[in-house]
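Visitor: I've got a few "how do you know" questions about this one. Mind walking me through the reasoning?

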Amino acid sequence: MRSLPSFFALRAFEAAARLGSFALASEELHLSPSAVSHQVRALEDYFGRKLFRRLSGQGVEPTPEGRQLLTRLTPVFDELEAACAALRPGPEAAAQALTLHCAPSFAAKWLGPRLPSFMARHPEISIRITASADPIDLTRRAEIDVAIAYGTKPAQPGVIAEPLGTELVTALIAPALDAASDFSGPGLPQDLILIDSAISPVRWDEWLALNGLNAAESAARPSFDRAAMAIAAAAQGVGVVLESTRLAAEELARRELVEMGGGRFRGMERELHFLSYRAAQRNVAKIAAFRSWLLQASARN
């Protein structure tokens with residue numbers, strides 16, 4: 001016979017510790033906050049030690065012992081969820097729906113044009129995509145299967161994050177504007193407008209230092225919170241943008257954009273996009289199929 005505390009107490013503790021709140025745990029578990037608190041107290045009595053500290057306001061945080069327990073419990077509950085999902089009756093289409101949360105510009109500029117190849121290879125899987133620049137916590141969003149994040153590699157217990165290769169970030173400009181600009185001086189032309197891609201981790205100061213250039217003192221400095229909008233502005237001749245050639249591949253192919261100065265300036269290679277999924281679900285067929293396809297596609301582009 002297994003020697004275990006109450007499953008319901010473990011479930012209440014895991015939800016409260018993961019969400020940092022008894023109230024949020026009660027909503028997830030469809031219990032009252034007092035019921036969650038009662039289950040947690042029962043678990044603390046079982047172990048003979050405190051598992052939570054109360055924070056100012058309504059939040060809680062696990063004690064060191066609580067964090068140790070949470071680290072082991074969450075993957076177990078993920079495994080249980082995956083095992084039950086595999087056996088749950090229901091329409092085949094629903095079982096094969098893959099829900100993806102994606103950085104908006106990557107979804108529009110890179111993923112979208114390539115999705116038909118995945119759909120042709122896996123017609124049994126329906127892709128559902130939501131897009132936002134905000135990071136997503138897969139430990140709290142059970143309805144999301146995989147996520148593609150931009151900028152910083154996610155670091156969450158029980159979640160695997162893999163980079164989608166390196167990308168070249170360089171100065172991109174419309175051909176007519178490039179031809180009309182004089183790059184012979186110690187800095188960029190004073191009338192050349194630098195376009196800021198606001199959430200990019202690669203900044204103009206870094207690029208200027210890499211190329212030994214003085215900072216440009218342009219009168220205007222437009223800023224966009226989406227790479228796609230910043231790239232579009234550069235293609236329309238507004239100025240020069242420091243962006244990924246992966247995201248600007250279509251504009252470069254159509255010669256709407258070129259590398260500034262005919263390639264005389266150096267770019268920077270960075271890992272910018274990351275695929276995340278729960279470790280316990282790595283072998284779920286639809287997730288494994290999407291991961292395999294995405295890593296192959298990103299290696300080619």
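Visitor: Which residues have the most contacts inside the largest nonpolar core?

Guide: Keep in mind that this is a predicted model. The residues in question are F106, L111, I148, F290 and L294, in a core of 33 residues. Strand 3 (97-102), helix 6 (104-121), strand 5 (146-150), helix 9 (227-235), strand 13 (273-278) and helix 11 (285-300) each supply at least two residues of that core. Another core, of 20 residues, lies apart from it, with F13, A15, L69 and F77 among its members.

Visitor: What is I148 in contact with, leaving aside its neighbours within four places in sequence?

Guide: Quite a list: L100, H101, C102, A103, F106, L111, L164, H273, F274, L275 and L294.

Visitor: Why is the pair K109 and E251 called a salt bridge?

Guide: The cut-off is 4 Å from a Lys or Arg side-chain nitrogen to a carboxyl oxygen of Asp or Glu. For K109 and E251 the closest N and O atoms are 2.4 Å apart, so the pair qualifies. K109 sits in helix 6 and E251 in helix 10 (residues 249-253), so the bridge ties together parts that are 142 residues apart in sequence.

Visitor: And how do you know whether K109 and E251 are buried or exposed?

Guide: Buried means under 20% relative accessible area. K109 has 15%, so it counts as buried. E251 has 6%, so E251 is buried too.

Visitor: What makes R254 and E250 a salt bridge?

Guide: Their N to O distance is 3.7 Å, and the limit is 4 Å, so they pass. R254 and E250 are also linked with E256 in a network of salt bridges. At 48% relative accessible area, R254 is partly exposed, because exposed requires over 50%. E250, at 37%, counts as partly exposed as well.

Visitor: How many salt bridges does that rule give?

Guide: The count comes to 13.

Visitor: Now the open sheet: why are strand 4 and strand 6 said to stand at its edges?

Guide: Five strands form it, in the order 4-3-5-13-6, with mixed pairing. Strand 4 (126-131) and strand 6 (159-163) each have a single partner strand, so one side of each is left without a neighbour in the sheet.

Visitor: How do you know that strand 3 and strand 5 pair?

Guide: Pairing takes at least two bridges. Strand 3 and strand 5 have three, in the parallel sense, so they pair. As for where they meet, the bridge partner of H101 is A147 in strand 5.

Methods
Residues numbered from 1 in each chain as written. Predicted model: local features only at pLDDT ≥ 70, side-chain atom pairs only at ≥ 80, totals over all residues. Heavy atoms only, no water. Core = buried A, V, L, I, M, F, W, Y, C linked by side-chain atoms within 4.5 Å. Buried < 20%, exposed > 50% of the residue type's maximum accessible area, 1.4 Å probe, protein only. Helix = DSSP H or I, 4+ residues; strand = E, 2+ residues; numbered from the N terminus. Contact = heavy atoms within 4.5 Å.
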